[in-house]
Amino acid sequence: MTTTTQATPVTGAVGTAHTRVEGRDKVTGAARYAGEIPFDELAHGWLVLSTVARGRIRSVETAAVLRMPGVLTVLHHGNAPRVDSDYVGMLGAPDPTAAVFQHERVPHMGWPVALVVAETSEQAREAAEALVVHYEEEPHDVTFSAGHPDAYQVDGFMPAVTEKGDLEAELTASALVVDAEYTTPEEHHNPMEPHAATALWDGGRLEVVDSNQGTAWVASEIANMFSLDPASVRVRSEHVGGGFGSKGLRAHQVAAVMAATGLRRPVRVVMTRRQMFSLAGYRSPTTQRIRLGARADGRLRALDHSSLSLTSTVHEFVEPSAGVARVMYDADAHHTANRVVRLDVPTPTWMRAPGEAPGSFAVEAALDELAEKCGIDPIELRVRNEPETGPVSGLPFSSRNLLACFREGARRFGWADRDPRPGLRRDGRWLLGTGTAAASFGAGAGPSTAAMTAEADDTFTVRINAADIGTGARTALTLVAADALEVAPDRVQVRIGDSDFGPAWIAGGSMGTRSWAWAVTAAAGELRERLALNTGIPPEGITVRSDTTAAIGALAQKERHSFGAQFAEVAVDPATGEVRVRRMLGIFAAGRIVNPLTARGQLVGGMIWGISMALHEEAVRDRASGGHYGADLAGYHVAAHADVPLVEADWVDDPDPDDPVGIKGIGEIGIVGAAAAIANAVWHATGVRHRNLPIRPDRVLLAGAEAEGERDA
């Protein structure tokens, strides 16, 4: 047994800026991602996707492909192993798209129909492109519209409908009414690192090296799907180049496991950028109707938010855009509803701020329209409609510092100098305008476990099944552990991304760092108690394990959310329709900020994504083929550096009193309300409302021409 000297306690790591602990590895290339890790005898799989939008496979002509150089096998519905998709996993029933090659049906363009496996990636791709698949094609429907006759209400991860009061009576009695429809297009995640997985059998265990948002989650899904003992499945995912909701169980992992099982050698499957448009999920388009009824002073009598999104014919997923109204504003009559329509398209999935991002565009743009009708400043209108408790739930807020965000944001943005009249400010050929919007996102926590070891060399090792998808979670947990142990951060090593570390919450819903930090803090507390009772540390160290299931289950029912205020200044060229965002400011109330350096990056990144949402992003389907136009980053536009001259993010003090570290969550709040602030600024610049995203130049020109015609008439 070795003895240790008593170190001077060090505190205060949380709340101070720290560069990423893995930063050097990432910039030097030492950090390897899922598609880069070498394996002996590695084979490569290439997915073949359907070229029809609906029908059945008549035949897969494999003979010629199997004779091509390097080809090892071709998996398809006629020879693939059977899997089970009839189970309920950690986040519900799986999307059957992941259960590849189980039948001859084709429910959408880009459905996986085969996997070609070869010695090299180049050989696999060439053979996959040469594979001939014959289909029996059937009529398809990919047309999404507000009036689709087959739309229906559906519960997702929230109830489909909430209602109180007599909506129609309150609308009738209102002095002022806004009744408008807002639309958002289909949008795609496009993380920098494509989806990649390598599967192999090692000593009787299945190992999957993957890029995902939760290794315990993916491991449990694979165990369920292949009817395996959970202990016989290990999933590792040390570094992840972005996820944004898309990196769960997908077709490529299942296909890799099938091929590795049959060939008894490692098999890697990597999605191409084009394949990700069909297989990685996306944000559904929405049509949203907002009806606001207000008294003359702007206080709401009625709020009605109805949202329609789409889903596939094989799996039910709802984009819950109407959910944001359930938190933000109260009214005497309050009604919200989420509906979906089934079409012959791939299944949507979670995408940064699911529901809140498109829902906030509609609600916050409608509030701006109401402010104009009332002749009230948009911030003052929100102040007058600030609820004391949850508008639908009636529950108390854990904290709600939205108005503090608006006060600080208005001061720093120069809002008081704003002339509310639209279309007056100019800078040469440019019309200038400013706009604002509120933001909110839920602050939840999921049960997690963590192991913490006091090592004989006077350092500490934390093992937790967290996923750092680019957010800086590994660094944040290092700081949390250091403070909880009262030691310097350089004495703490955090290991993550291995399902063998035990169950932990996923990197999603802005719940990751909050959930994992809770488990780390609990383990540190117990370890300090153990160390106080020991005179030394044995060579193998002293290890404790925490489990937060009971603590999180005992939390009192409250409305827990991060909040924010978004501000934007835009310039619009009325001759070309070009819209330029000149500056943005976001002020957030998002709990205790663990690492200001990476937190600011997360918030600014979300706001930049809001610029993309407002002005650029739009995936368009060809009604004739059922597929996308331009399913790549040449045809799908995102904001570039030239689009982002000045974006600032900051926060107000807002620790959550019910969290052991005070954390809420910052991953998604940055995008919420950003598109609405930009759209509201475009109105202020031009005097013309844009209720359909993105605000393309052709739409600006058309709206300007229509407004000119109305003035002439």
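Helices and strands here are DSSP runs, numbered from the N terminus. I note too that this is a predicted model.

**Entry 1: Ser 510**

I looked up Ser 510 with those element names in hand. I found Ser 510 in the loop between β21 and α13 (512-532). Its phi is positive, about 55°, although Ser 510 is not a glycine. Is Ser 510 buried or exposed? Its relative accessibility is 13%. Buried means under 20%, so Ser 510 counts as buried.

**Entry 2: Glu 486**

Next I checked Glu 486. Glu 486 is not a glycine either, yet has a positive phi of about 60°. I placed Glu 486 in the loop between α12 (473-485) and β21 (492-495). Its relative accessibility is 28%, so I logged Glu 486 as partly exposed.

**Entry 3: a cis peptide bond**

Then I turned to Pro 694. The peptide bond that runs from Leu 693 to Pro 694 is cis. I read its omega as near -5°. Pro 694 belongs to the loop between α16 and α17 (697-712).

**Entry 4: the two sides of α3**

I moved on to helix α3, residues 121-130. Which residues of α3 are buried? I listed Ala 124, Ala 127 and Ala 128. Why do they sit on the same side of α3? They cover an arc of only 100° around the axis, and that puts them on one side. I recalled a general rule here. An α-helix has 3.6 residues a turn, so residues three or four places apart point the same way.

What do the buried residues of α3 pack against? I noted two strands, β1 (43-49) and β3 (71-76), then helix α2 (63-66) and strand β5 (112-118). I also checked the face turned away from the buried side of α3. That face carries Glu 122, Glu 126 and Glu 129, which are exposed.

**Entry 5: α15 against α16**

Last, I took up a helix pair. Two packed helices are described by the angle between their axes and the distance between the axes. My pair was α15 (residues 596-615) and α16 (residues 674-686). Their axes come within 7 Å. They cross at roughly 55°, which makes α15 oblique to α16. I recorded the crossing as right-handed.

Which residues make the contact? From α15 I wrote down Met 607, Gly 610, Ile 611, Met 613, Ala 614 and Leu 615. From α16 I added Ala 674, Ala 675 and Ile 678. Sorted by class, the contact of α15 with α16 has 8 nonpolar residues and 1 polar residue. I found no charged residues in the contact.

Note on methods
Residues numbered from 1 in each chain as written. Predicted model: local features only at pLDDT ≥ 70, side-chain atom pairs only at ≥ 80, totals over all residues. Heavy atoms only, no water. Buried < 20%, exposed > 50% of the residue type's maximum accessible area, 1.4 Å probe, protein only. Helix = DSSP H or I, 4+ residues; strand = E, 2+ residues; numbered from the N terminus. Arc of directions from axis to C-beta. Contact = heavy atoms within 4.5 Å. Axes fitted to C-alpha atoms, helices over the stretch in contact; angles between N-to-C directions. Parallel < 35°, antiparallel > 145°, perpendicular 65-115°, else oblique. Left-handed = near helix turned anticlockwise from the far one by under 90°. Nonpolar A, V, L, I, M, F, W, Y, C, P; charged D, E, K, R; others polar.
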